[in-house]
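Reader: I am new to this structure. Please show it to me, and then let us go through it in questions and answers.

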Amino acid sequence: MTTLRLDRINKFYGTLHILKDIDLDIAQGEFISLLGPSGCGKTTTLRCIAGFEAVSGGSIAFGGRDMTRAMPEQRDLGMVFQSYALFPHMTVAENLSFGLEVRKIAPADRERRIAQTLEMVRLTGYEKRFPRELSGGQQQRVALARALVIEPAVLLLDEPLANLDASLRDDMRFFIRDLQQRVGITTIYVTHDQGEALVMSDRIVVMNRGVVEQCGSPREIYERPQSLMVADFIGQSNTLTGRVTGREGELYVIATEDGPLRTHGAPGLAGEVRVMVRPENIGTAPGDNTLRGRVVKTTYLGASCLLNIETAAGSRFTTHAPADSPLAPGSEVTMGFAAHKAWAFAA
Amino acid sequence: MTGARKTLWDHVFTLLVALIYIFLIAPILLVVLLSFSGGEFLALPMEGVSLRWFEALFSNSRFYEAAVHSFRLALVSALVNGVIGTLAAIYVIRFAPAHLTNPLRVLMSAPLMVPEILTAIALLFFFFEVGVGNRWSMAIQIGHILVTFPYVFLNVASALFNFDRSQEEAARSLGANGWLTFRRVTLPAIKPGVITGCLFAFVISFDIFNISLLLKSVGKNTLPLELFDYLRYNFDPTAAAVATVSIALTFVAVLIVDATVGLRSLRF
């Protein structure tokens, strides 16, 4: 069942075309991440959904009802802001109570729901505190509770973890995802952090320059990117340009400067393509595809070693080796990777 | 121990700060002190201690009437500016076209930059030209409102400027309409600016001289004007008693604000 549908959303600021034909269907209970570099339009998309920005074209429907021109307060959604935007002159309980009062919920009911929601975000006992008396992580949970207590149809999160320190950010990823699953609320999450998007989402929408580059499950996005932008933005990747010369069953045979490679890839490829291999899928032993090169640089990472390798044709690869690898800069090395670990997409 | 060792500069700095405070506070203390003088003149050394000048003050109906007049002017100025200064700030910061924001800001602050005496002369001509003249204390009241307007406007504008607007968006997303959002989120956030601005407007209006001198109605002096008139012919400590009472009144006003809305809300 579709909770939220964006149909060819366009947005202009003056002559700047910020969003170009954004289409998106979001199912009930789904966790969707809008992922992309800054300026890609992900936050603008979220603000259009929230009703803080008017769209220049296209339509937005909540549960089948057209809401394109509805005021934010009519849209039945909860939003968590990057700055949290807690009301500083209200206590935690009053912050949560605000949305319930506006909705004319009876006082006894209000108290019960506030207590329940605070328990859910593990802040029971903090009712009387003011936001300035809380840590960043606690403020963030209050913001989450304030958005959830009104039991909205859709939860919107705008880079909610950006202001937290690294270790807390990791905890909060799982906390938010877990909470979302327990409540079963449809969630749209804006982030520029691919790690967050991969860990938390049911589906990731990768955006770039106002268009949707690719939309799919974290696994699809990571293992089967459809463009160089997606391959580069999500994780580390090695890419080679080449040309499709034939097929071997499921596999494409692709001629590159480093010789022919066997890969799988998007259906129906022909002509110029790119081949992508993730560093963790390249070994230092011959495989389905074998390349020879010379180590240019080694970087010690603790758990492993990062090798930068240059082939005779001048292509550069990065790959991981054991931390105690004897390979030093200048040494000759053989690289191999399995055909099903390499992925080709249209150049 | 690697604690902070005081250098010579630290001592010089402390001394300078102390001197600045003495420079600022000494005249006030001196005036308060002299108002309790037993002598006939506003001069040191004091000849004994007495409350006779306060008695002289309170039996002087001219000072009393002037004080009431000043208080009323200041109160009306503060209240009127509390409304129009706040509305003006909201318009300029929130609704004015971007290219007009700065020109409007300068325009709204103009009463601060134009010498007060010029404003006074201009208003004098204006009110006689439109036929109001100096009747009903209208000219002086409008003059006071005009001159104290920027204090409210600038304070509220800076509060609005520093306000995180996503709080308003949060309120909207929680289901509050525009008016409810303003009343329950924006207004509390800019309240310190409004109160500080009104307090400034009150104190400045109470203290202002040039505008009052030119625009006053016949026979109705403000306290500073009455004090000046008095000092022209007398030089006894009644003047100091007037000052002491004004200082006490200001102090009381601050205490009342603290007790009702709380000065803790006035943090910048």
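Reader: How far apart do the C-alpha centres of domain 1 and domain 2 of chain A lie?

Author: This is a predicted model, where local features need pLDDT of at least 70, side-chain atom pairs count only at pLDDT 80 or more, and totals for chains, interfaces and linings use all residues. Residues are numbered from 1 along each chain as its sequence is written, chains are lettered from A and ligands numbered from 1 in the order in which they are written. Chain A splits into domain 1 (2–227) and domain 2 (236–346), with bounds from an automatic or database domain assignment. Their C-alpha centres are separated by 38 Å.

Reader: Which strands stand at the edges of the open sheet in chain A?

Author: Strands are DSSP runs of E, at least two residues; helices are runs of H or I, at least four; both are numbered from the N terminus. Strands pair if DSSP finds at least two bridges between them. The four strands run in the order 2-1-4-5, with antiparallel pairing. Each edge strand has a single partner, so one side lacks a neighbour in the sheet: these are strand 2 (16–27) and strand 5 (65–66) of chain A.

Reader: Which helix of chain B gives the most to the side that touches chain A?

Author: Contact means C-beta atoms, placed from the backbone, within 7 Å. By that rule, 15 residues of chain B meet 17 residues of chain A. Two elements give two or more residues to chain B's side, helix 8 (166–173) and helix 9 (178–207) of chain B. The top contributor, with seven residues, is helix 8 of chain B.

Technical notes:
Two residues are in contact if their C-beta atoms, placed from the backbone, lie within 7 Å.
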